[in-house]
Amino acid sequence: MSDSFDRAPGAGRGRSRGLGRGGGGPEGGGFPNGAGPAERSRHQPPPQPKAPGFLQPPPLRQPRTAPPPGAQSEAPAGSARPPRPGALPEQTRPQRAPPSSQDKIPQQNLESAMAKPQVVVAPVLMSKLSANAPEFYPSGYSNYTESYEDGCEDYPTLSEYVQDFLNHLTEQPGSFETEIEQFAETLNGWVTTDDALKELVELIYQQATSIPNFSYMGARLCNYLSHHLTISPQSGNFRQLLLQRCRTEYEVKDQAAKGDEVTRKRFHAFVLFLGELYLNLEIKGTNGQVTRADILQVGLRELLNALFSNPMDDNLICAVKLLKLTGSVLEDTWKEKGKTDMEEVIQRIENVVLDANCSRDVKQMLLKLVELRSSNWGRVHATSTYREATPENDPNYFMNEPTFYTSEGIPFTAADPDYQEKYQELLEREEFFPDYEENGTDLSGAGDPYLDDIDDEMDPEIEEAYEKFCLESERKRKQ
C-alpha cells in the first residue's frame with residue numbers, strides 16, 4: 001500500500017509496454033524493481049524548453065537505409081550486439097536500421113529531435129529568363145505581320161518599301177486584295193517623279209522574272225497599278241513604262257534563245273511573265289469596253305517563233321508552258337480576226353517532233369499539247385437550255401432519265417428505240433401488283449375489292465402452318 005503513495009502521479013503507466021509496477025523498459029520511463037522518484041530523477045534528462053504558443057512538431061522519420069544520426073556515437077556502450085558467426089564486418093556490412101530502431105534512440109536525442117526538427121532545404125536554381133527578353137521565333141519562321149496601314153514612314157527609301165511589299169506578296173499572295181489599295185495610295189504620295197516611277201517598274205519587273213511563282217501575282221499587280229497610279233509624267237504612265245521595259249528584253253529574243261543556260265533561263269522567265277501580262281493586263285477603251293493589249297499578242301507570236309527556231313529542250317518546254325497558258329485565248333483572238341496563226345504553230349510543232357533532235361520526253365510533251373488543242377484546249381461548252389435541248393442536239397438529253405427493267409431483267413431507258421413498247425408492257429405488268437411503298441404502306445384507296453380479296457384469301461398450306469403455329473404457341477404458354 002505504501003508503494004502506491006511513493007509513486008509520482010502517472011508513473012509506470014506506459015501503454016502496453018509496462019513490465020511490472022515500474023512500467024518496465026527504457027521508453028516508458030520505468031525502472032526495474034520499482035525504483036522511486038529519486039532514482040528516476042537521476043536517470044531522466046532535464047526537460048527541454050518549449051516554444052510558447054506553438055504545438056510541438058512530430059519527429060522526422062529516420063531513413064531506413066541508414067542508422068539514425070548519432071546512434072553509433074551516443075548509444076550506450078553495452079547496447080552493441082556481438083557479431084553473428086559468419087557475418088560481415090561492421091565496416092563492410094550495409095547499415096540498415098531495424099524497424100524498432102527509433103525505439104532505441106536515447107530520450108535526450110528524441111527530445112532534441114522533437115525540439116529542433118531537421119528540414120531539408122532544396123537548392124535554389126537561378127533562372128536566366130527575363131521578362132524583358134526579345135520574343136522568341138523558331139528558325140525559318142517569318143514574323144512579318146505588318147499590314148502596310150501606317151504608310152512608309154519607317155522606310156528610308158522607296159525601293160526598300162516596294163521590295164518589302166513584293167516579298168510579302170510572294171510569301172502571302174492571299175493578302176493582295178486586302179492590302180493593294182493601301183499600297184497604291186502610299187505610292188501615289190511617294191512616286192512623284194519620272195525616276196521614281198521607272199524605279200517602281202524595274203523593281204516589279206525584276207521580282208516577276210526572277211521568282212517563277214510571282215509572275216502571275218506580278219501581272220495582277222501591274223494591272224492594278226496601271227489603273228490606280230495617278231502620276232502620268234511626260235515619259236509615260238505606268239503601263240507605258242512597263243511595256244517599254246518588256247520591249248527592251250523582247251528585242252534581244254533571238255540572241256537570248258541561243259545564249260547559254262543562264263541567259264535562256266532568264267529569257268524563259270520573261271516569256272512566261274509576258275504571257276501572264278497578256279491575260280491580266282486590261283486596257284479600257286473610250287467607250288468603257290475592256291480589251292487586251294494587241295501588242296502583247298503580236299509579241300507572243302514572235303516569241304514562239306524564236307523558241308521553235310532553236311529547238312533545244314528547255315526552249316521547247318517553255319513554248320509548251322506558254323501555249324498551255326495562253327493557247328485558248330490566242331486561238332480565239334486569231335479566229336475573230338480571221339487569222340490561222342494557231343494552225344501554223346501546230347504545224348511547226350509537228351515538224352519539230354519529226355525533225356528536231358530533242359529528247360523523247362519533250363516530244364511526248366509536244367504531242368500531248370497537240371492533243372490538248374484538238375480537244376479545244378480542254379474547254380467544255382455549256383449545254384443548251386432546257387427549251388432548246390433535244391435528243392439530236394444534246395448528248396446529255398437522257399442523262400437524268402430513270403432506268404427501267406423488263407420482265408427478263410433487261411434494263412432500258414428513254415434513249416432506247418423501243419422504249420414506248422417496253423414501257424407499256426411494264427405498265428400492264430404492274431397492274432397485277434398492289435401499290436406499296438418500301439415500308440409496306442398501302443398506297444391504294446381503302447375499300448378496293450380487288451385488294452380486299454387478296455388480303456382475305458390464304459393458301460391452304462400457309463393456313464395449315466399458321467394454325468399449327470398458333471396451337472404450339474398456346475401449348476407452350478400453358479406450360
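In which helix is Glu249 found? In this predicted model, Glu249 belongs to helix H9, which spans residues 238–250. The residue has a relative accessibility of 15% and therefore counts as buried, since the limit for that class is under 20%. Once the neighbours within four places in sequence are left aside, Glu249 is in contact with Tyr205, Arg266 and Phe270.

From this single position the view can be widened to the chain as a whole. The secondary structure of the protein chain comes to 18 helices and four strands, and of its 479 residues 28% are buried. Among the contacts with a separation of 6 or more, 60% are accounted for by residues 24 or more positions apart. The chain exposes about 34100 Å², and carbon and sulfur atoms supply 52% of that area.

The interior can be approached through the largest nonpolar core, which has 74 residues and in which Leu187, Leu200, Leu225, Phe238, Leu277 and Ile349 touch the most other members. Helix H13, covering residues 313–336, gives the largest share of this core, with nine residues. One of the residues touching the most other members is Leu225, and its contacts, again leaving aside neighbours within four places in sequence, are Phe183, Ala184, Leu187, Leu200, Ile204 and Phe238. Leu187, Leu200 and Phe238 thus appear among the contacts of Leu225 and are themselves listed with the residues that touch the most other core members.

Helix H15 offers another point of entry, and Lys363 lies in it. With a relative accessible area of 25%, Lys363 is partly exposed, and, not counting residues up to four places away in sequence, it touches Val353, Ala356 and Cys358. The C-alpha atom of Lys363 is separated by 9.4 Å from that of Glu350, a residue 13 positions apart along the chain. Of the residues that Lys363 touches, Cys358 is buried, with a relative accessible area of 10%. Another cysteine, Cys470, counts as partly exposed at 33% relative accessibility. A disulfide is a covalent bond between the sulfur atoms of two cysteines, and the structure holds zero disulfides.

Helix H15 covers residues 360–374, and Asn376 is placed in the loop between this helix and strand S3, which covers residues 404–405. Most residues other than glycine have a negative phi. Against that background, phi of Asn376 is near 65 degrees, a positive value in a residue other than glycine, and Trp377, likewise not a glycine, has a positive phi of about 60 degrees. Trp377 also lies in the loop between H15 and S3. As for accessibility, Asn376 counts as partly exposed at 24%, whereas Trp377 is buried, with a relative accessible area of 10%.

The last stop is on the surface, where Met458, Ile462, Tyr466 and Phe469 make a nonpolar patch of about 460 Å². Ile462, one of these residues, is placed in helix H18, which covers residues 460–478. At 52% relative accessibility Ile462 counts as exposed, because that class begins over 50%.

Terms used. Residues numbered from 1 in each chain as written. Predicted model: local features only at pLDDT ≥ 70, side-chain atom pairs only at ≥ 80, totals over all residues. Heavy atoms only, no water. Helix = DSSP H or I, 4+ residues; strand = E, 2+ residues; numbered from the N terminus. Buried < 20%, exposed > 50% of the residue type's maximum accessible area, 1.4 Å probe, protein only. Contact = heavy atoms within 4.5 Å. Disulfide = S-S within 2.5 Å. Patch = residues over 30% accessible without salt bridge, like charges linked within 9 Å, V, L, I, M, F, W, Y side chains within 5 Å. Areas by Shrake-Rupley, 256 points an atom, 1.4 Å probe, with all protein chains shown as cover. Salt bridge = Lys/Arg side-chain N within 4 Å of Asp/Glu carboxyl O. Core = buried A, V, L, I, M, F, W, Y, C linked by side-chain atoms within 4.5 Å.
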